[in-house]
Each structure stands twice: as C-alpha cells, then as structure tokens.
Amino acid sequence: MRKIIEIHAAEGGADSQLLVNDLAAIYFKLSTRCGWTCRWATVRPSTQGQGNFAVSLEISGDDLERLTNESGGHRWQRVPPTENRGRVHTSTVTVSVTDPDNTTEFVLAEQDLSVSWFSGTGKGGQNRNKVQACCRLTHLPSGITVTAQTRSRETSYKQAKTELESRLHQQHSAHHHAQVAADKRTQVGSGQRGDKIRTYRLQHDDIADHRTGKTINCRQLNKGMLDLLW
C-alpha cells in the first residue's frame, strides 16, 4: 500500500515555508516509528532561498489509512529561527493524503458501441466510393464518435476503435484527476489560521489535536509521535 502526503505552505510567509520542511522531517520519523518507508516524491522550492512552497512524500507500508488523520490545516505558534526579536509567529501549512494506487484503467465494452458503415469519399476509385468500408463508431454512454476510412472494413474498424479508446482514456484520466483535486481541496480547507485540525504551540510545549482532544509535547513531536494524537 502507498500514500502520498502533500504539504503546502499557507499563511505565515517565510515561516510557513520553513514549516513545510519541518513537518516533512516529522513524517519521516513517524514512518520509522510505524515501520513504514518514506521517500521524497516532489519538492517545490521557495524563491526566498529557505524552506519550500510545497513537498510531497511517498509512504509505503501496512495500515496506511491511519495517515488520513493528518489531512487538514496545521497551525503553528512559535518563534521562527529567522526571528531576531523573539516574537511568536502564527503560521499554517496544509496537508492532504491521497492514494496513488486508487486508479482504474478505462475498459471499452463492446455493448457500449454503435457501429455504422458507409461509402468513403474523395479519391480512391470505385472501391473507395462504392464499397461501404468507412467505419463510424459511437460510444453510447459518452456520445463520442470517431470515423476511420480505409480500403477494408477490418482495418477501418480497428483504427476507429483505437482512436475511440484513446479519447475515452483521456476523458477517464481527466475525470480522475479532477476528483483527486476536489478531494485535496476538501481535505486541506481554506489554509487560514482559523481553519485547522491541530495547533502546535511550541512556546507552551503543547501540540493539540482539535478532533480527538489529545495532546503531546515537543519532545514527543520531535520523535515523530504524531500517532499519539490519532
């Protein structure tokens, strides 16, 4: 089983981008603690030279459904390492958890096809203009229609079916990606400070999960013990 965790900087400017890396490091420790394998998948660097706008981690192992507890807004209150005056900043990052294996290939069913034959047009002589070797295939559920015109029915049908399968696969893939994007938006919320599943109050040594009511301290956080909040 695999899961993809995406961490995005939200409110808080440069500190939010630093927190993207900090939280990713915690997920690596969490993975070790739970017996999972974690690796960097993608990184979108910050243009300010520190931190990242977004990263994604691929985690492999058993019982990964527990990671859905991490999806949502994470609000941090701390003195950033770049803060010279010791002021506490409030920043947020968002986390989404998706299943990269939750995809299905499109299978074209013969009963969903309407086939019609007609004579071709244009140059090609008597065979092209009088023999009904031009194939029109219509996918009834979607209404997509393709036409192929060759000298033989068999070749025309194969060409039309190949083109139709290609278009339907593209449509299926686009629909899947749209569903994944919508799921991510639902998971992360607005990304604003008030929209959060968890608050990390580092100056008070307190990390509280607002859904379960459980808390851990900074020492446990630094060991990746987020599972104690689930």
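A residue is called buried when its relative accessible area is under 20%. The legends below apply this term to a predicted model.

**Figure 1. Two aromatic rings, W76 and Y200, stack in the interior of the predicted model.** Y200 has a relative accessible area of 0%, so this residue is buried. W76 is likewise buried, at a relative accessible area of 2%. The ring centres of W76 and Y200 lie 3.9 Å apart and the ring planes meet at 0 degrees, so the pair counts as stacked. W76 belongs to strand β4 and Y200 to strand β9, and the two residues are 124 residues apart, so that distant parts of the chain are linked by the pair.

**Figure 2. A tilted aromatic pair joins helix α1 to strand β2.** This is one of two aromatic pairs in the structure. The rings of F28 and W40 have centres 5.4 Å apart, and their planes stand at 45 degrees, which makes the pair tilted. F28 is part of helix α1 and W40 is part of strand β2, so the pair ties together parts that are 12 residues apart in sequence. F28 has a relative accessibility of 23% and therefore counts as partly exposed. W40, at 41% relative accessibility, also counts as partly exposed.

**Figure 3. Eight strands form an open sheet with mixed pairing.** Strands of a sheet pair through backbone hydrogen bonds, in either a parallel or an antiparallel manner. The order of the strands here is β2-β3-β1-β5-β4-β9-β10-β11. Strands β2 (37-45) and β11 (215-216) are the edge strands, each of which pairs on one side only. At one of these edges, strand β10 (residues 206-209) runs antiparallel to β11, and two bridges join them. The bridge partner of A208 is T215 in β11.

**Figure 4. Helices α1 and α3 lie across strands of the model.** Helix α1 comprises residues 14-34 and lies across β1 (2-9), β2, β3 (52-60), β4 (72-78), β5 (89-98) and β9 (198-201). The direction of α1 makes an angle of about 10 degrees with β3. Helix α3, residues 153-188, lies across β1, β4 and β5, and runs at about 145 degrees to β5.

**Figure 5. Helix α3 contains 36 residues, several of them buried.** From its first C-alpha to its last, α3 reaches 53 Å, close to the 52 Å expected at 1.5 Å a residue. The buried residues of α3 are S156, A160, K161, L164, L168, H176, Q187 and V188. The elements that cover them include β4, β5, β6 (113-118), β7 and β8. Just after the helix, G189 takes a positive phi of about 70 degrees.

**Figure 6. The charged end of R153 sits over the ring of W117.** The distance from this charged end to the centre of the W117 ring is 4.4 Å. R153 is within the residue range of helix α3, 153-188, and W117 is within that of strand β6, 113-118.

**Figure 7. Strands β7 and β8 form a hairpin.** Strand β7 (residues 134-139) and strand β8 run antiparallel and are joined by five bridges. Within this arrangement, R136 stands opposite T147 in β8. The hairpin has five residues between its strands, and G143 takes a positive phi near 85 degrees. The side chains of β8 (residues 145-149) alternate along the strand. V146 and A148 point to one face and are buried, whereas T145, T147 and Q149 point to the other face and are not.

**Figure 8. Two aspartates in loops, D63 and D205, have positive phi values.** D63 is found in the loop between β3 and β4. Its phi is near 60 degrees, a positive value in a residue other than glycine. With a relative accessibility of 47%, D63 counts as partly exposed. D205 lies in the loop between β9 and β10, and its phi is near 55 degrees, again positive in a residue other than glycine. D205 has a relative accessible area of 41% and is therefore partly exposed.

**Figure 9. G35 is an exposed residue in the loop between α1 and β2.** The relative accessible area of G35 is 60%, which means that this residue is exposed. G35 and D227 are 192 residues apart along the chain, yet their C-alpha atoms are separated by 12 Å.

Methods. Residues numbered from 1 in each chain as written. Predicted model: local features only at pLDDT ≥ 70, side-chain atom pairs only at ≥ 80, totals over all residues. Heavy atoms only, no water. Pairing = 2+ DSSP bridges. Helix = DSSP H or I, 4+ residues; strand = E, 2+ residues; numbered from the N terminus. Contact = heavy atoms within 4.5 Å. Axes fitted to C-alpha atoms, helices over the stretch in contact; angles between N-to-C directions. Phe/Tyr/Trp six-rings, centres within 6.5 Å; stacked < 30°, edge-to-face > 60°. Buried < 20%, exposed > 50% of the residue type's maximum accessible area, 1.4 Å probe, protein only. Lys NZ or Arg CZ within 6 Å of the ring centre and 35° of its normal. Expected span 1.5 Å × (residues − 1).
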